[in-house]
Amino acid sequence: MKEHSKPIPQPMPWTKRFWEGCKKGELLIQKCKHCNKFIMYPKLFCPNCLSNDLEWVRSKGTGKVYSYSVVYSYAPTEFADDVPYIVAVIELDEGVHMMSNIIESKPEDVRCDLPVEVVFKETNQDFVLPKFKIIR
Ligand SMILES: [Zn+2]
């Protein structure tokens, strides 16, 4: 289902590839060719060794709930109709963290450390966002 009239991310030159990957159903993360660390969110330099020799690799798209919060009320914005919704920090199997939403679960069914996998949701304005669902 398409979502309408919500703000969408504004891609920067160093995040453009990430958003292009989402559009193709690929969760892309960066990897430093110098120290081999995975990097998320997209950066121009490795935060570990400061090398700018980075490559894009496809994440397995699986991980676990590292932390989460449930939004039960919200100021009247484009997100007000979504409450309650789950905002979560996901720890990908590659070891990096990213913030997203957990969808297709009731808030009371979510726990830290539950396994999740990425699902790509098309929004308005031809944009695709990575969200996560609990793997049963
Ligand atoms: Zn590095």
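Lys 64, Glu 91 and Asp 113 are linked in a network of salt bridges, a salt bridge being a side-chain nitrogen of Lys or Arg within 4 Å of a carboxyl oxygen of Asp or Glu. The model is a predicted one, in which local features need pLDDT of at least 70 and side-chain atom pairs count only at pLDDT 80 or more, while totals for chains, interfaces and linings use all residues. Residues are numbered from 1 along each chain as its sequence is written, and side-chain values use heavy atoms, with hydrogens and water left out.

## The chain as a whole

The protein chain has 1 helix and 8 strands, and read along the sequence these follow the pattern α-β-β-β-β-β-β-β-β. Helices (H or I, at least four residues) and strands (E, at least two) are DSSP runs, numbered from the N terminus. The C-alpha atoms fill a box of roughly 45 × 35 × 25 Å, taken along the principal axes. With 136 residues, a compact globule would have a radius of gyration near 14 Å, and the 16 Å of the protein chain agrees with this; the radius is taken over C-alpha atoms, and the globule rule is 2.2 Å times the number of residues to the power 0.38.

Of the 136 residues of the protein chain, 38% count as buried, where buried means under 20% relative accessible area, exposed means over 50%, and partly exposed lies in between (1.4 Å probe, protein chains only). The accessible surface of the protein chain comes to about 8300 Å², and 51% of it belongs to carbon and sulfur atoms; accessible areas come from the Shrake-Rupley method with a 1.4 Å probe, and for residues only the protein chains shown count as cover. Among the contacts in the protein chain with a separation of 6 or more, 53% are accounted for by residues 24 or more positions apart, a contact meaning heavy atoms within 4.5 Å.

## Salt bridges

Side chains of opposite charge can pair when their charged atoms come close. A search of the whole structure finds 7 salt bridges, and the table gives some of them.

| Pair | Closest N and O atoms |
|---|---|
| Lys 6 and Asp 82 | 2.5 Å |
| Glu 91 and Lys 64 | 4.0 Å |
| Lys 64 and Asp 113 | 3.7 Å |

Lys 6 forms a salt bridge with Asp 82. Lys 6 lies in the segment before α1 (16-23) and Asp 82 in the loop between β4 and β5, so the pair ties together parts that are 76 residues apart in sequence. Lys 6 counts as buried at 13% relative accessibility, whereas Asp 82 is partly exposed, with a relative accessible area of 30%.

In the network, the side chains of Glu 91 and Lys 64 meet in a salt bridge. Glu 91 lies in strand β5 and Lys 64 in strand β4, so this pair ties together parts that are 27 residues apart in sequence. Lys 64 is partly exposed, with a relative accessible area of 30%, and Lys 64 also forms a salt bridge with Asp 113. Because Lys 64 lies in strand β4 and Asp 113 in the loop between β6 and β7, that pair ties together parts that are 49 residues apart in sequence.

## The zinc site

The protein donors of the zinc ion are Cys 32 (SG), Cys 35 (SG), Cys 46 (SG) and Cys 49 (SG), lying 2.3 Å from it; donors are N, O and S atoms within 2.8 Å of the metal (3.2 Å for Na, K and Ca), and water is not among the atoms, so sites may look incomplete. In sequence the donor residues are spaced C-x2-C-x10-C-x2-C. The 4 donor atoms subtend angles of 103 to 118° around the zinc ion, which makes the arrangement tetrahedral, a term used for four donors if all angles lie between 85 and 135 degrees. Cys 32 counts as buried at 0% relative accessibility, while Cys 35, at 24%, counts as partly exposed.

## Backbone details

The peptide bond from Met 40 to Tyr 41 is cis, with omega near 10°, and Tyr 41 is found in the loop between β2 (38-39) and β3 (54-58). Another cis peptide bond joins Val 83 and Pro 84, with omega about -5°; Pro 84 lies in the loop between β4 (62-71) and β5 (85-92).

Leu 50 has a positive phi of about 70° although it is not a glycine. Leu 50 lies in the loop between β2 and β3 and is exposed, with a relative accessible area of 63%. Asp 113, the residue already met in the network, has a positive phi near 75° and is likewise not a glycine. Asp 113 has its place in the loop between β6 (97-102) and β7 (115-122) and is exposed, with a relative accessible area of 52%.

Note on methods. Four donors count as tetrahedral if all angles lie between 85 and 135 degrees; four count as square planar and six as octahedral if opposite donors are over 155 degrees apart and all others between 65 and 115; anything else is irregular.
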